[in-house]
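The exercises below are meant to be worked through with the sequence and the coordinates side by side. Please try each task before reading its solution.

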Amino acid sequence: MSEQELQINPIVQDSVAHNTKTLTNLHSLTASLFGVGAGILGLESYYGFLFYIAFSITTSVLFYIFQLAPSSLAEGRGVLDSGRYYKGALELWTSGIFNGLPGFILTWTLFYGLVRA
Amino acid sequence: MAWLSRPLTLVGLVILAHGCYSAHEHTVLSSTSVQHPTSPSATSLPLDIYIETIAATVLICLGLVLGSGAPQPIQWHTWAGKIEREGDAGSGDADKETLGNPFNALEARSGFININKLHKDFVKYQQLGK
């Protein structure tokens, strides 16, 4: 976004921080949960990571459907357009995958060990 | 919708715990049973545990999504318009994290003090006392 556009349409930094924090919290919590699921199912190697990526994207979609879509669509934006709440589309859809990965691996290995011991 | 968050999460956790217990029991039983020591079913879980675990994961995920706070618009004009329309108390009464009107102090401040008028009143008051 150019300097001129930022002058015409200023951005509320508090809201940006609030939204990012909400999304990060959600993804950290759910990533640990997916680790529990993957450990119970006894997934190994690529299947575990595929499980995680699939569910992480599902979380983002659910977050969009239940939290962003009602007001975003009412404003006249297109489907899956997160511009009302996030600066870039990637911030919503993929940042959560990398935020939650350590937590996922932690609980994945823990529950794999507990169940398969 | 937010009230659904906790019940969904709780129910999902119970189902997940049950799935975890079932998987553990299945592993223990199949490792100790001598009937089919080399059959593939001894290592892979039954289908219902898969379904149970994935359903529980989706339930908890849904509960957590519903429980996460509502996001705030980042465009200044959208955000300010929302505050104008919905009042200063923020959008939701449930979460205290919503940002209220940052200009509350300016909106609610008292007017200017007229020093000259106060002085005249004080002089009048003094003269009344005499």
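**Exercise 1.** In this predicted model, work out how the length of helix H5 (residues 95–115) of chain A compares with expectation, where H5(A) bends, and what its buried residues pack against.

*Solution.* Begin with the length: H5(A) has 21 residues and spans 30 Å from its first C-alpha to its last, which is close to the 30 Å expected at 1.5 Å a residue. Next, follow the axis, which bends by about 45° at Leu101(A), with a proline, Pro102(A), following within four residues. Then pick out the buried positions, which are Gly96(A), Gly100(A), Phe104(A), Trp108(A), Phe111(A) and Val115(A). An α-helix has 3.6 residues a turn, so residues three or four places apart point the same way. Finally, look for the partners of these buried residues, and you will find H2 and H3 of chain A together with helix H1 (5–32) of chain B.

**Exercise 2.** Describe the make-up of chain B, and then determine what covers the buried residues of its helix H1.

*Solution.* Chain B contains 5 helices and 0 strands, in the order α-α-α-α-α along the sequence, and 22% of its 130 residues count as buried. Turning to H1(B), its 28 residues reach 41 Å from first C-alpha to last, close to the 40 Å expected at 1.5 Å a residue. Its buried residues are Leu8(B), Thr9(B), Gly12(B), Leu16(B), Gly19(B), Cys20(B) and Ala23(B), and their cover includes H2 and H5 of chain A together with helix H2 (47–67) of chain B.

**Exercise 3.** Establish which helix gives the most to the side of chain A that touches chain B, and how the axes of H2(A) and H2(B) cross.

*Solution.* First take the contact as a whole, to which chain A contributes 34 residues and chain B 31 residues. On the chain A side, helix H2 (13–41) and helix H3 (46–74) each supply at least two residues, and H2(A) gives the most, with 16 residues. By class, this side of chain A has 18 nonpolar, 12 polar and 4 charged residues.

Now compare the two helices: the axes of H2(A) and H2(B) come within 10 Å and cross at roughly 175°, and therefore H2(A) is roughly antiparallel to H2(B). Among the residues making this contact are Leu26(A), Leu33(A), Phe34(A) and Ile40(A) of H2(A), along with Tyr50(B), Ile54(B), Ile60(B) and Leu64(B) of H2(B). As a last step, sort the residues of the contact of H2(A) with H2(B) by class, which gives 12 nonpolar, 4 polar and no charged.

Note on methods:
Residues are numbered from 1 along each chain as its sequence is written. Chains are lettered from A and ligands numbered from 1 in the order in which they are written. This is a predicted model: local features need pLDDT of at least 70, side-chain atom pairs count only at pLDDT 80 or more; totals for chains, interfaces and linings use all residues. Two residues are in contact if their C-beta atoms, placed from the backbone, lie within 7 Å. Ala, Val, Leu, Ile, Met, Phe, Trp, Tyr, Cys and Pro count as nonpolar, Asp, Glu, Lys and Arg as charged, and the others, Gly among them, as polar. The expected span of a helix is 1.5 Å times one less than its number of residues. The bend at a residue is the angle between axes fitted to the seven residues ending there and the seven starting there. A residue is buried if 20 or more other C-beta atoms lie within 10 Å of its own, exposed if 12 or fewer, and partly exposed in between; C-beta atoms are placed from the backbone. Axes are lines fitted to C-alpha atoms, for helices over the stretch in contact, and angles run from 0 to 180 degrees between N-to-C directions. Angles under 35 degrees count as roughly parallel, over 145 as roughly antiparallel, 65 to 115 as roughly perpendicular and the rest as oblique.
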